[in-house]
Every structure is written in C-alpha cells, then in structure tokens.
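Visitor: Please take me through one part of this structure up close. I am a first-year student, so give each term its cut-offs as you go.

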Amino acid sequence: MTLRYPLATLTCVVLAVVPAAPLLAAQQLTHVDGLGSIAFPTSGSGEAQPHFIRGVLLMHSFEFDDAAEHFRTAREIDPAFVMAYWGEAMTHVHGVWNEKDVGAAREVLAALGSTRESRLAKAPTDRERMYLESAEVMWGEGEKAALDTAYSKVMERIVAEYPDDDEAKAFYALSLLSLSQGERNVPTYMRAGAIALELFERNPGHPGAAHYAIHSFDDPTHAPLGLRAAKAYGPIAPTAGHAQHMTTHIFLALGLWDDLIEANERAVGVVNVSLMERFGVTSSCGHYNEWLQYGYQQQLRNDDAGVLLAGCHQNALRGDPGTNGRAANSFAQMRAHFLVDAELWDSPAVTAAVDSMDLTELGKNRMDFGTAYAAIKQGDRMTAEAGLAAMRSRVAAVDDWGYAYAPIHDGVIAALLHRDAGDMDSAVQAARDAADYEAALPFDFGPPLAIKPPRELEGDLLLEMGRYADSLSAYAQQLARTPGRAKTLLGYERARAAVGR
C-alpha cells in the first residue's frame, strides 16, 4: 500500500488531537512489577482482582496464553466475576494479526451462562454490562469484518459513556487497528495512534498505550511519532517478550540497529527462559531471532548472524519441544536473508537443509529462493534454473499471507539469470517489474519479505551498467522503504560517488 500522506501533515493531525495531559486522578493506578500500570476498577473480589489486573496487563502486551491463565484463576476464585470471563474470552482475538478463535471464546462465555441474556443479566454494573456486551458482539454470528466493526462501535460507546475509563480507550484504539483485517489503513491507524498517545501522556507506564502507539506508527513515514513510546515500552514490561520485541518495529523503521539488536536480544532471552523452564531447551529460531539476525547483518556482524542461523538449524533438525513446527520455516527465512546479505559462499548455510515435510509452501519457496540465489551468484546456472522451476511449480494461491511475495522471489532470480546470460536490459526490466509489484502490495514492515529487495537489485544492475543517475534513484526509493539497510546504503554511496556527489 502506498502511503499518500506527508509526514508533516500527519504529525499535525495527530498532535492536534492530543490534549494537555491532566494527572490521572479519578482512578488509582495498580502497578505490577515487570508488566506496567493500569487503573481498571471492577466489582470482582479483592482476592480475584489482582489476577484480573495481571491478565489485562499481559493481554496489552499480547502475552495471551499467560493472560488467559490469570483470568481463569480470577474466575475460579470468584465464579461470579463477569469481567474475568470477558477477559479470558478476549484473549482469543488477536485483531492486529487478523486472528480469532471463535470456538474457544464461546466456550468461555458459555461457562458464565447458557444465553447472551443470562450472561448480561449477571453483570453487576452498567459499565461491566457494556464490556460484556462488547464480547457478545465480538463472538456473535456474522462475518468477521462486520463483527469487528460492531465491536469497535461498542468500545466507542463505552469511551463516550465513561470518559475517565482509560482501559476503554486502550481497547478502543486496539479495535481501530483491527478494523482493516490485517492491512494498514493509514487514516484509521492515525486515529488509533492519537488515542494511544493521549493515554500514554496520561499514564506513561501503560503497556497498551505504548504498544498500540507503536503499532499505529510502525512504518518509515510515521515511525518518528512512535519513537518515544518505543523507547519506553521495553522498560514498562521487561518480563513480556513481545514488549521487548515490539519496540523494534519503530527501531527498524528508522534504521536504529543498536536499539533493534538490544531489544531483540532481550526478547529472545525472555522467551528462552520460558522454554527452558517448560521444556529444558532454548531456541535460536522464531520471530524475535529473525529480526535479531537481520539487525546483526545490517551492522555487518555476519559471524553473529551465522551463529544464530546455525543454532536455528540445529533446533529445526532436532525438533525440540516448544520449537518444532515453526523452526524449519523460521530457518528457511533466516537462511535466505543470510545468503543474500552476507554473500559468504563458503558458509554451511549454502548447503544446509531441513526436512521438506516440516516446511509450509512458503517455507519451501524461501528455501528454493536461497538455494537459487546462492547458485547463480556462484555461476551455477543449472541449480539456479532448477530452483526457479521449483518455485514456479507451486500454486501462487496458497493460503499463506506471505505467499504474495513469491512472484518477487521469482522476479529476482529471473533477473539474475538474465544478467548471467548477458541480457542486462531484460535483467533490469525483471527487477523493475518485481519492484513495482511489491510497491502495489499492502504495506508490511519488518525484515523485507522480499528477501532481496527488487528495487535494490534494480539499483545494483543499473550501477553495473554505468547508469549511475538511474541507479541512485532506485537506491533512494529502496531506502525510503527500508531505511538504513546496509546493502542499499552501500549501493547508494557507490552511485553517489560515481555521479560526483
């Protein structure tokens, strides 16, 4: 998705709706070490309320399984505690990730009462009845997009009815982020960001306020608006792995590699403590490790990246409990990034493999891409062509959100094969077509899903042809999409030198 709003204009829009920050006086903040501070008074018993508060704090940091455990504990202590049922049901919707587990949530609500009417009748206050109504709407009958919209409207009503309820504001902001069904709608994201920033100003220890501000602004155009929240979020919730990692959405958007590496190292540490306690293993695979490896490579720390990759390979081969299933696919992504960015053709990563039965279609595509890329760079045209044929043999309509990037991988290898054949014009056109295709996709920010960004490849090819001004333009476009990316910066500086700048 193209971002069509200039940063200066959007900054004015956001700041204009953030009022002066009064002290949070109407409600008493409850602080939980390692998770943050919120004010969320309920009618639950004094013994159950602390578990409820901990559950809400964990839910704000997307630690949904741990949150559900605390909500279950709260309702076991106080079976009439309707907000504990609300909380546990809401752990089964992950709106920013476009995920819902309808069956699990309805099972929780059924434990409170057999019908919607009987459940709502158990709410002891009008405010808690509205919260419970929001869950009833979320888990009602109908299409997901319509239910998400109806839920957001209920949260908006709670905010209007109870303007001092900061939790209503937090969950309303999250509901807005969830409306676009996994894609980025810029005006709606700005509305959510404005609410989150206002709440963050009122309560700088609120994990949801910082978290949702980061989600609202985690693209290169708007990332400066989320930097303060990103700097604060890790210290707010140091025991939540996702809180440590989430800050790096802003750091990556701004090319702040020191911050990105430090935060993901903390996130990996939190996760590995949990894995060691539960399964007696640690993991070098997974989302946080993928970002950490990418950060290492932007600082040319290929030895560190290689150690991480080798560890993930071992996790994938062993099928360690708690890591199997996703480990092989994580390795496929990490290997492809390592081969493209390190270009160490004597590395074990060149020939490293995993059981194809453990890979999704997307994982297989990434493995084939990495192998083909390494092969053509080493002059092995036959292996590169075989890899490209394998990539093209798969149906592009696979039900995997990342598979939309398969045509980009195809275009990159095709461009390199044209180059190998001496047809530079066709090589540039293939890279440009792949880059234009990527630019038309919904925006998804992180380590590039287009493992070798095709606009960067276009710049590489143009630079090789001596078309320095055109190369400089291509690199500049790529830097707007991936600020601070090392290989793009290197090409950009070479092109600048070539044109006398």
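**A close look at helix α21**

Guide: Helix α21 is mostly covered, with 11 of its 15 residues buried. Buried means under 20% relative accessible area, exposed means over 50%, and partly exposed lies in between (1.4 Å probe, protein chains only). Helices here are DSSP runs of H or I with at least four residues, strands are runs of E with at least two, and both are numbered from the N terminus.

A word on the source. This is a predicted model: local features need pLDDT of at least 70, side-chain atom pairs count only at pLDDT 80 or more, and totals for chains, interfaces and linings use all residues. Residues are numbered from 1 along each chain as its sequence is written, and side-chain values use heavy atoms, leaving out hydrogens and water.

Now the length. α21 runs over residues 406-420. From its first C-alpha to its last it reaches 21 Å, close to the 21 Å expected at 1.5 Å a residue. The expected span is 1.5 Å times one less than the number of residues.

Which residues of α21 are buried? Start with Ala 406, then Ile 408, His 409, Asp 410 and Gly 411. Val 412, Ile 413, Ala 414, Ala 415, Leu 416 and Leu 417 are buried too. An α-helix has 3.6 residues a turn, so residues three or four places apart point the same way.

What covers the buried residues of α21? The cover includes α19, α20 (381-392), α22 (424-439) and α23 (454-464). Contact means heavy atoms within 4.5 Å. After α21 comes Gly 422, and its phi is positive, near 90°.

Turn to α19, one of the helices in that cover. It holds 17 residues, 361-377, and should span 24 Å at 1.5 Å a residue. Its end C-alpha atoms are 24 Å apart, which agrees. In α19, 13 of the 17 residues are buried, so the helix is largely enclosed by the rest of the structure. Just after α19, Gly 379 takes a positive phi of about 85°.

Now step back to the loop before α19. Glu 343 sits there, between α18 (327-342) and α19. Its phi is near 50°, a positive value in a residue other than glycine. Glu 343 has a relative accessible area of 30%, so it is partly exposed.

Leu 300 also has a positive phi, near 60°, and is not glycine. Leu 300 lies in the loop between α16 (287-298) and α17 (302-318). At 62% relative accessibility, Leu 300 counts as exposed.
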